[in-house]
Amino acid sequence: MAKRVPWHSIPRDEALKRLDARTEGLTDQEAKQRLEKFGRNEITLEKKISPLSILIDQFRDFLIFILIGAAIVSLVLGYLEHSEEYFFDAGLIITIVILNGLFGFFQNYKAEKSLEALKKLSVPNAMVRRNGTPMELSSTDLVPGDIIMLSEGDKVPADARIITSKNLLIDESLLTGESVPSSKMDAPVKQDLPLGDRKNMLYADTYVSRGNGEAVIVNTGLHTEVGLIAQEIHKSEDPPTLFQIELNKLGKNIGTGLIGIIAFIAIVQFAISTMDPITIFLTAIALAVAAIPEGLPAVVTLALAMGTMRMAHKNALVRRLSVVEGLSSVDVICTDKTGTLTENALTVRKLFYDSQIVEVTGRGHTLEGKFLKDGKPVPKSSYEKLLWCGLLCNNVVTGKEGGKEKYLGDPTEAALFISAKKGNISTEGYARIDEISFSSERKRMTVIARKGKEYVACMKGAPEIILERCTHVLEKGRVNKLTDSKKKKILGQNKEMAKDALRVLGFSYKELDKPKVSEKIAESGHIFIGLQGMVDPPRKEVPAAITSCLNAGVRIIMVTGDNIDTAKAIAKEIGIRGGAMEGKQVEDMSDAELRIQVEKVNVFARVAPLDKNRILKALQANDHNVAMTGDGVNDAPALRNAHVGIAMGIRGTDIAKQASDIVLLDDNFASIAEAIKEGRTIFSNIRNFVTYLLMANFSEVFVVFFASLVGFIPIRATQLLWINLLTDGGPALVLGADPPRPNVMQQKPRPKNEGIINKWVLKAVISIGILDTILILALFFYSLPLGGDYARTMVFTGFVLSEATRLVVIRLKDKLSIFSNKWMLVAIAVSLLLQLLVLYSPLSTYFGTVPLGQEAWSVLAGFLVASIVSVMGVYHFFLRDKEHPDV
């Protein structure tokens, strides 16, 4: 009915007529009919995450499909060959797949349960007029045409057109991003205005900061602005994360490589071997099963989970494991301003009095701060009168929330209250007699107070309005005549402060002879005191976080509903450089034009909620990997569609949290730089253990291949599975837990098209794989005269020992010592203990090994030394390159 009607541009009476509504309200019967027609005033989320869907998601990776296929092939081979060994292989593979899936499930399910704990589900009541009588109803029962009555502190239950208002100020920051409450009125406004400038409209989920009023509901439920955003979110499916895409690509590459290996081995053996075709085929299949890095999915999941846990300790709740790595390739962060980059608490930054500017330190609602001129403290007596006036002409009420002081009331007045408390100013002894309230038409507020037999009127408001009502000015404690030149100077200073995006108020006072006077007398003949300029300041940790991101090659773009002057000033203060543009300009652009502009503009102001999605999509169309941060309803669509969506946990709306991938529990933007650092570290670690595992698998395949050409089986499939899952798994897992490299945040983001396996990884896998193949084959044929089981045991143990040589390559590449991670030595020791367990316990029966004597261990020690020396030579002459220079 109403979502496309420009209610803000329609006169009040016309709006009532179109809605078939009356100021005395609907009847119960009319409300019942409309409730049946439009539905309940609630936003029902169609997509609910079930534990079953989370569990199924764990088995959708291509690598998992390969492992399941390998298990099936092993079962078939076991049946055809009547061999328990193949059944044992299948059991091991299936076990690792199930354990990997369950581990990923519990991590993701835990994150979802934590998110539910963050939600505060409540359905507020609303005052509505029905049958001509005011009554309190559940907000879900409201319908278009209902007349609602609002007062200070109320939550707006639905979108509504204002009918009457008295000093009505609305906090719309969670919808528009505007940090200062919006003054409301009932007169129609222009049709093409953005949400934040529609002064006669109220929107669901915003709050009344001050005043009261009545309004007629025009939209409910999914037809509200919040509802439209929710619909936009639920239209889109959760896109796969960058890492899911990359891991699937890796799985397909491994799968393609295995098919190639099987084909190559089969063709060669057909050509030169005397084995029959069925034996050749079974050998090739068994070899492919053994060549699969069975431990890879588990190690990837564990590495991501450990990264997730580290981030949780830094107050970042990760909802999807795979998104952690996606942070490594993010090259643009689109961030909201209010409450994300800033404190979301107006703070007085400058005072002007006695023809001088005084800086005020401190931020937010903390009472610590100093008053400085040229870096030196100024005496309290100089600014006392100015702050006293701001404190006396104030309606803030203090309370407690979570054991901390909370300031209830208009944010502007809270800033004035705190500036006075910083200066240790008191109004003790003064009793309020009367108040002439602020309104958007008057642009001023006056309070009349008494102290003993003295009466005073204090006034605050727009500086030009206050100056019009002043005849004198307070200068260095003396009252002097306010001349035109002095007025001009004060107004000039007002403009200078406004250029710094400060919201400036003027202050004055007048001594009265009696308590009861007319408004005209109370607000004329005043003595001007000075100006206070305030702003919603940046969080103190934000500039350093932004510098860290910029050094890491990550561009920061501010996307806010606030006005452009404020946005530019905050951007300049925190280190965001580049052009600025308003949302109206974005609306007028084609998608092609916007794609050009997003490469130049780093500040977007007065942006309507759905335009954020256009900006995001333009960046993505330009091949950027984009992270979106935010807390408001207006951020939700972009949070869902971004490569990484980051919501604020404290101030964030439920819709924003549900749309995100990561929730910052402390609302700290600085945590994002840490998250990017963590993501890059995780990707580097994953690349390292993939390299480590593939080097092992490469040599395993070719050792078996070349030995089989001359009729020998150098290692059993069960032994290969043991190496892949357990003895290689420990060091690989420790590589996944490596700490961040010292220069990780001085590097540029990983190119979007660069996968886990890049050119260096291929060179390392092939060169070290060939070297290991030569050394292991030499070990096998050297040991063969002492028996087949003995030779296979030597090869089996040689593969376990060669993990040290692969670790040397990884450590040389990262310029780290093998002792840089204390758990690495533990993992190596555990691998050796497991190997000894297989050699010298009853397990040897299942693995076909024989105990090794002192002479055998001497040979293996020589093999290890030769392997390490050879690997270092290969690295220095072949693997050392510009991307990975040696120390």
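Tutor: Before we look at how helices pack, take residues to be in contact when they have heavy atoms within 4.5 Å of each other; please also keep in mind that this is a predicted model.

Student: With that in hand, which residues of H24 meet which residues of H25?

Tutor: On the H24 side they are Asn-697, Glu-700 and Val-704, and their partners in H25 are Leu-720, Ile-723 and Asn-724. By residue class, this contact of H24 with H25 comprises three nonpolar, two polar and one charged.

Student: At what angle do H24 and H25 pack, and how far apart are their axes?

Tutor: Angles over 145 degrees count as roughly antiparallel. Helix H24, which spans residues 670-709, packs against helix H25, residues 717-727, at about 170°, and their axes are 12 Å apart, which makes H24 roughly antiparallel to H25.

Student: How do the axes of H27 and H29 cross, and which hand does the crossing have?

Tutor: For helix H27 (residues 759-783) and helix H29 (residues 803-814), the axes come within 11 Å and the crossing angle is roughly 150°, so these two helices are roughly antiparallel to each other. The hand is a separate property, and for H27 and H29 the crossing is right-handed. H27 contributes Trp-760, Ile-768 and Asp-772 to the contact, while H29 contributes Thr-805, Arg-806, Val-809 and Lys-813; sorted by class, the residues of this contact are three nonpolar, one polar and three charged.

Student: Which residues does Val-874 touch, leaving aside those up to four places away in sequence?

Tutor: Val-874, which lies in helix H32 (residues 854-879), touches Ser-767, Ile-768, Leu-771 and Leu-879 when those sequence neighbours are not counted. Ile-768 also takes part in the contact that H27 makes with H29. As for distance along the chain, Val-874 and Leu-852 are 22 residues apart, and their C-alpha atoms are separated by 30 Å.

Student: Why are H12 and H13 described as oblique to each other?

Tutor: An angle counts as oblique when it falls outside the roughly parallel, roughly perpendicular and roughly antiparallel ranges, the last of which needs an angle over 145 degrees and the perpendicular one 65 to 115. The axes of helix H12 (residues 380-392) and helix H13 (residues 411-422) cross at roughly 135° and come within 8 Å, and H12 and H13 are therefore oblique to each other. Their crossing is left-handed, with Leu-387, Gly-390 and Leu-391 of H12 in contact with Leu-416, Phe-417, Ser-419 and Ala-420 of H13. This contact divides into five nonpolar, two polar and no charged residues.

Student: Turning to pockets, what volume does the second largest pocket have, and which residues are closest to its centre?

Tutor: Its volume is about 990 Å³. Of the 40 residues lining the second largest pocket, Val-180, Pro-181, Arg-503, Val-504 and Leu-505 are the closest to its centre. Strand S21 (residues 503-512) supplies the largest share of the lining, three residues, and the lining as a whole consists of 15 nonpolar, ten polar and 15 charged residues.

Key:
Residues numbered from 1 in each chain as written. Predicted model: local features only at pLDDT ≥ 70, side-chain atom pairs only at ≥ 80, totals over all residues. Heavy atoms only, no water. 1 Å grid on protein atoms, 1.4 Å probe; cavity = no way out; pocket = protein on both sides within 12 Å on 5 of 7 lines; lining within 4 Å. Points joined across faces, edges and corners; volume = space filled by probe spheres on them. Helix = DSSP H or I, 4+ residues; strand = E, 2+ residues; numbered from the N terminus. Nonpolar A, V, L, I, M, F, W, Y, C, P; charged D, E, K, R; others polar. Axes fitted to C-alpha atoms, helices over the stretch in contact; angles between N-to-C directions. Parallel < 35°, antiparallel > 145°, perpendicular 65-115°, else oblique. Left-handed = near helix turned anticlockwise from the far one by under 90°.
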